[in-house]
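User: Could you go through this model with me? I'd like to talk about charges first and strands afterwards.

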Amino acid sequence: MRLGVLDVGSNTVHLLVVDAHPGARPLPAYSHKAELRLAELLDDDGAISPHGIERLVATVREALEVAEDKGVEDLLPFATSAVRDAANADLVLRRVADETGVALRVLSGEDEARLTFLAARRWFGWSAGRLLVVDIGGGSLEIAYGIDEEPDTAASLPLGAGRLTAARLPGDPPAPADVRALRRHVRHEIAKVVGDFSRLAPPDRVVATSKTFKQLARLAGSPGNGESSMYTQRELDRAALEEWVPKLAAMPTAERARLPGVSEGRARQLLAGALVAEGAMDLFGVARLEVCPWALREGVILRRLDTLAAAAPAG
């Protein structure tokens, strides 16, 4: 079966096409991305602007055409925090459905955390033991912990790199006072949920997903630097990250975009992502973590395959 996952995220609209069947590893067949940065297209009332809605509709329509061209049999469209938290979410969803025929499923923050955890568990396997999984998106931060495929505890916080950049880092480079204020805010928010996790046994493995962590791992000198294979093993060391945060804070966006592995579209929000990563690693007592190539989109695919397998007739 050829499956397509249409991920309307806070930074990008990403169509991932995979060839898959129950019991087998999904094989990527095609990837189509459009940078939309919905988290930065909100008005003063927290609503996605009319221009933002028009761009979203056009982007979804284009992705749908690509899915059809690539022979996708089953399309799984979903939206995350940028749409979920928008003041006019119902209007946005209705416009997309009316004009493209695509009914976006809005994932809750906990859904995001649980599906991302499933992807990490399948990637690392049962031998990884207790996992702590951290994901920084454009609109939110997800954290999940557990020993099975369903996490024992999951949390979602409004600490996405795009959201924080748009709301709290207006300068280029940002003013030192704004950076300090954002650092305090990030740590205050993360501290609210640390107790839910610290009462559990220490994790055997700490795993991070998302483009933000991949970029930070490359900057911090992760082994495999310069390679682009999804199988390249990358780690992020907290001490190295702490050295990079003040450097990123002093750089304008154009300079960050010239760093290895940093795309022009993500350069502006890299500092906010680094502050969230640093805060999470510090408050959870993590000295080093591993970067997982699979994340939310793969979790959605795996959950769909599990559903198909359960529905298949025996024998």
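Analyst: One term before we begin: a residue is called buried when its relative accessible area is under 20%, exposed when over 50%, and partly exposed in between. Please also keep in mind that this is a predicted model.

User: Fine. Is Glu189 buried or exposed, then?

Analyst: Glu189 has a relative accessibility of 13%, so it counts as buried. Its side chain meets that of Lys192 in a salt bridge, at 3.1 Å from N to O, and Lys192, at 52% relative accessibility, counts as exposed.

User: Where do Lys192 and Glu189 sit?

Analyst: They are in helix 6 (residues 176-198), three residues apart, which means that about one helical turn separates them. There is also a network in which Glu54, Arg61, Arg95 and Glu99 are joined by salt bridges that share partners.

User: How many salt bridges does the structure hold?

Analyst: There are 23 salt bridges. One of them joins Arg163 and Asp85, whose closest N and O atoms are 2.5 Å apart; this pair links distant parts of the chain, since Arg163 is in helix 5 (residues 161-168) and Asp85 in the loop between helix 2 (81-84) and helix 3 (89-100), 78 residues apart.

User: And what does Glu150 pair with?

Analyst: Glu150 forms a salt bridge with Arg303, with 2.9 Å between the closest N and O atoms. Glu150 lies in the loop between strand 7 (141-146) and strand 8 (153-157), whereas Arg303 belongs to helix 12 (residues 296-311), so the salt bridge ties together parts that are 153 residues apart in sequence. Glu150 counts as partly exposed at 36% relative accessibility, and Arg303 counts as partly exposed at 32%.

User: On to strands. In what order do the five strands of the open sheet run?

Analyst: The order is 3-2-1-4-5, with mixed pairing. Strand 3 (27-35) and strand 5 (105-106) are the edge strands, each pairing on one side only. Strand 1 (residues 2-8) and strand 2 (residues 12-19) run antiparallel and are joined by seven bridges, and Asp7 has His14 in strand 2 as its bridge partner.

User: Which side chains of strand 10 are buried?

Analyst: In strand 10 (residues 234-237), Arg234 and Leu236 point to one face and are buried, while Glu235 and Asp237 point to the other face and are not. In a regular strand, side chains alternate between the two faces of the sheet. Strand 10 runs antiparallel to strand 11 (residues 288-291), with four bridges joining them, and Leu236 stands opposite Leu289 in strand 11.

Key:
Residues are numbered from 1 along each chain as its sequence is written. This is a predicted model: local features need pLDDT of at least 70, side-chain atom pairs count only at pLDDT 80 or more; totals for chains, interfaces and linings use all residues. Side-chain values use heavy atoms; hydrogens and water are left out. Two strands pair if DSSP finds at least two bridges between them. Helices (H or I, at least four residues) and strands (E, at least two) are DSSP runs, numbered from the N terminus. Buried means under 20% relative accessible area, exposed over 50%, partly exposed in between (1.4 Å probe, protein chains only). A salt bridge is a side-chain nitrogen of Lys or Arg within 4 Å of a carboxyl oxygen of Asp or Glu.
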